[in-house]
Amino acid sequence: MAGGADEKWTTLGGEGRRHFQLIAGERVIDRIVRQLRERGVDDIWIICPDDDGYAIEGTHHWEPTYTEWGHEALNGIGIWSDTDRTLQVYGDTVFADPAMDVICGYDRRRFVMFGRFGNGVIKGGGGELFAMSFWPEHRALWVNAVRESFRLRDAGLIKRGGSWEGYRYMAGARGRAVGRHKLYPRVFRNLDDRLTDDFDTPGQFEKLRALFEQNVTNGIDDRVA
């Protein structure tokens with residue numbers, strides 16, 4: 001998922017799009033595609049604007065079309081699999097290899113979010129979402145969960161709607177509990193390896209790149225020293 005407007009990035013002086021920034025000599029988006037392929041994922045769609053920079057050989061391009069709720073978690077609804085597992089990966093995240101191993105290797109037939117529940121080295125904020133995995137029988141449930149989160153927001157019961165709130169709804173939270181940050185292990189896999197993180201601003205990216213340069217050998221070995 002790489003269709004965001006990059007508002008924070010450009011407002012603070014970021015050049016180009018976040019997904020095209022170089023880390024360990026590789027663009028963020030190219031790194032994700034490579035990591036997926038190395039783990040056997042061969043049907044890769046990049047949800048993004050019409051930009052030649054996303055034209056990566058062997059991948060498909062999908063422009064966001066689902067705008068009823070205006071949330072990126074639903075932008076890929078037109079390409080979700082009708083028969084197999086759908087894995088949605090956030091394109092503004094730099095993944096350590098062990099984290100991608102967990103995401104791609106998850107083989108249980110259930111809805112699950114992958115992320116960091118607490119504060120990270122690069123960003124605070126209490127947590128970040130990195131990917132989600134679901135099957136055809138979960139599609140309608142996930143769409144409904146995101147919609148319900150926005151209904152609760154509009155009713156004044158919670159402050160915002162979206163992926164975090166949808167995850168809590170999928171875990172069984174209702175009413176105001178949908179807006180409370182809580183770990184539900186049944187539908188959440190915590191990835192906290194210090195290297196895996198997303199970034200919104202040039203400053204955050206520079207910190208993340210420096211961390212990788214300190215801990216990554218030859219741009220491949222993502223084990224933290």
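In this predicted model, the number of disulfides comes to zero. A disulfide is a covalent bond between the sulfur atoms of two cysteines, and the cut-off used here asks for the two sulfur atoms to be within 2.5 Å. The sulfur of Cys48 has its closest cysteine partner in Cys104, but the separation is 19 Å, which is too far for a bond. Cys104 is likewise in no disulfide, since the nearest cysteine sulfur, that of Cys48, is 19 Å away. As for their surroundings, Cys48 counts as buried because its relative accessibility is 0%, and Cys104 also counts as buried, with a relative accessibility of 15%.

Charged side chains offer another kind of link, and the structure holds 16 salt bridges. One of them joins Asp200 to Arg18, where the closest N and O atoms are 3.3 Å apart. Asp200 sits in the loop between β10 (197-198) and α6 (202-215), while Arg18 sits in the loop between α1 (7-11) and β1 (22-23), so this pair ties together parts that are 182 residues apart in sequence. Both ends fall below the 20% limit for a buried residue, because Asp200 has a relative accessibility of 17% and Arg18 one of 10%.

Another salt bridge runs between Arg116 and Asp197, with the closest N and O atoms 3.1 Å apart. Here the partners belong to strands, Arg116 to β7 (residues 112-116) and Asp197 to β10, so the pair ties together parts that are 81 residues apart in sequence. Arg116 and Asp197 are both buried.

A further salt bridge is formed by Asp97 with Arg39, the closest N and O atoms again being 3.1 Å apart. Asp97 lies in helix α3 (residues 97-105) and Arg39 in the loop between α2 (28-38) and β3 (45-47), so the pair connects parts that are 58 residues apart in sequence. How exposed is each partner, Asp97 and Arg39? Asp97 counts as buried because its relative accessibility is 13%, whereas Arg39, at 23%, counts as partly exposed. This pair also takes part in a network of salt bridges that links Glu26, Arg34, Glu38, Arg39, Asp97 and Asp101.

Asp97 leads on to the packing of α2 against α3. Two packed helices are described by the angle between their axes and the distance between the axes. For α2 and α3 the angle is about 55° and the axes are 10 Å apart, and the two helices are therefore oblique to each other. Their crossing is right-handed. On the α2 side the contact is made by Ile32, Gln35 and Leu36, and on the α3 side by Asp97, Met100 and Cys104. Asp97 thus appears both in this contact and in the salt bridge with Arg39, while Cys104, a cysteine without a disulfide, is also among the contact residues of α3.

A last stop is Arg160, which is found in the loop between α4 (136-154) and α5 (163-170). With a relative accessible area of 45%, Arg160 is partly exposed. The C-alpha atoms of Arg160 and Phe150 are separated by 7.0 Å, the two residues being 10 residues apart along the chain. Which residues does Arg160 touch, not counting those up to four places away in sequence? They are Ser149, Arg153 and Glu165.

Notes
Residues are numbered from 1 along each chain as its sequence is written. This is a predicted model: local features need pLDDT of at least 70, side-chain atom pairs count only at pLDDT 80 or more; totals for chains, interfaces and linings use all residues. Side-chain values use heavy atoms; hydrogens and water are left out. Buried means under 20% relative accessible area, exposed over 50%, partly exposed in between (1.4 Å probe, protein chains only). A salt bridge is a side-chain nitrogen of Lys or Arg within 4 Å of a carboxyl oxygen of Asp or Glu. Helices (H or I, at least four residues) and strands (E, at least two) are DSSP runs, numbered from the N terminus. Axes are lines fitted to C-alpha atoms, for helices over the stretch in contact, and angles run from 0 to 180 degrees between N-to-C directions. Angles under 35 degrees count as roughly parallel, over 145 as roughly antiparallel, 65 to 115 as roughly perpendicular and the rest as oblique. A crossing is left-handed if the near helix is turned anticlockwise from the far one by less than a right angle, and right-handed if clockwise. Contact means heavy atoms within 4.5 Å.
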